Amino acid sequence: MPDEQGKSAPGAEDRVLISGRVRESVRRRMKVYAATNDVNLQDLLDAALDEFLTKRQA
């Protein structure tokens, strides 16, 4: 059965599961930012990592 959370908008890349740990304080800040800006944590994490890697030309 496919994972419905991995579905993307048409034309966008499919999402894949990665695993990692962050400090509790970072998680808390992410949740507050996501709630305040009406974005889900998955999209926030994807955007943050993409920005980080783009700045480093990776």
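Mentor: Buried means under 20% relative accessible area, exposed means over 50%, and partly exposed lies in between. Keep in mind that this is a predicted model.

Trainee: What share of the 58 residues in the chain is buried?

Mentor: Apply the cut-off of under 20% relative accessible area. The chain has 58 residues. The buried share of them is 7%.

Trainee: How many helices and how many strands are there in the chain?

Mentor: Look at the secondary structure. One helix, H1, covers residues 24-36, and another, H2, covers residues 41-55. The chain has 0 strands, and its helices number 2.

Trainee: What distance separates the end C-alpha atoms of H1, and what span is expected?

Mentor: H1 has 13 residues, and each adds 1.5 Å. The expected span counts one less than the number of residues. That gives 18 Å, so it agrees with the distance between the end C-alpha atoms, 18 Å.

Trainee: How many salt bridges does the count come to?

Mentor: Side chains of opposite charge can pair when their charged atoms come close. The cut-off here is a nitrogen of Lys or Arg within 4 Å of a carboxyl oxygen of Asp or Glu. By this rule the number of salt bridges is 3.

Trainee: Which residue forms a salt bridge with Asp43?

Mentor: Asp43 sits in helix H2, and its partner lies in the segment before helix H1. The pair links distant parts of the chain, 28 residues apart. The closest N and O atoms are 2.4 Å apart, and the partner is Arg15.

Trainee: Are Asp43 and Arg15 buried, partly exposed or exposed?

Mentor: Compare each value with the limits of 20% and 50%. Asp43 has 30% relative accessibility. Arg15 has a relative accessible area of 31%. Asp43 and Arg15 are therefore each partly exposed.

Trainee: Which residue pairs with Glu24 in a salt bridge?

Mentor: Stay within helix H1, where the two partners lie 3 residues apart, about one turn of the helix. Residues three or four places apart in an α-helix point the same way, because there are 3.6 residues a turn. The closest N and O atoms are 3.3 Å apart, and the partner of Glu24 is Arg27.

Trainee: What are the relative accessibilities of Glu24 and Arg27?

Mentor: Both values must be set against the 20% and 50% limits. Glu24 is partly exposed at 45%. Arg27 is partly exposed too, at 40%.

Trainee: How far apart are N and O in the salt bridge of Lys55 and Glu51?

Mentor: Both residues lie in helix H2, 4 residues apart, about one turn of the helix. Their side chains meet in a salt bridge, and the distance from N to O is 3.2 Å.

Trainee: Which category fits Lys55, and which fits Glu51?

Mentor: Over 50% counts as exposed. Lys55 has 61%, so it is exposed. Glu51 has 47%, so it is partly exposed.

Trainee: Which residues is Leu41 in contact with, leaving aside its neighbours within four places in sequence?

Mentor: Leu41 is found in helix H2, and it is partly exposed at 36%. Lys31 is in helix H1. The C-alpha atoms of Leu41 and Lys31 are 6.8 Å apart, with their places 10 residues apart in sequence. The contacts of Leu41 are Met30, Lys31 and Ala34.

Trainee: How far apart in space are Lys31 and Leu44, C-alpha to C-alpha?

Mentor: Lys31 is partly exposed at 41%. In sequence, Lys31 and Leu44 are 13 residues apart. In space, their C-alpha atoms are apart by 9.4 Å.

Trainee: What is the area of the nonpolar surface patch that includes Leu45?

Mentor: Leu45 lies in helix H2 and is partly exposed at 37%. The patch is made by Val16, Ile18, Leu45, Leu49, Phe52 and Leu53. The area of this patch is about 570 Å².

Trainee: What phi does Asp38 take?

Mentor: Asp38 is found in the loop between H1 and H2. Asp38 is exposed, at 74%. Although Asp38 is not a glycine, its phi is positive, about 50 degrees.

Trainee: Where is Gln57, which has a positive phi although it is not a glycine?

Mentor: Gln57 has a phi of about 50 degrees. At 77% relative accessibility, Gln57 counts as exposed. Its place is in the segment after H2.

Key
Residues numbered from 1 in each chain as written. Predicted model: local features only at pLDDT ≥ 70, side-chain atom pairs only at ≥ 80, totals over all residues. Heavy atoms only, no water. Buried < 20%, exposed > 50% of the residue type's maximum accessible area, 1.4 Å probe, protein only. Contact = heavy atoms within 4.5 Å. Patch = residues over 30% accessible without salt bridge, like charges linked within 9 Å, V, L, I, M, F, W, Y side chains within 5 Å. Areas by Shrake-Rupley, 256 points an atom, 1.4 Å probe, with all protein chains shown as cover.
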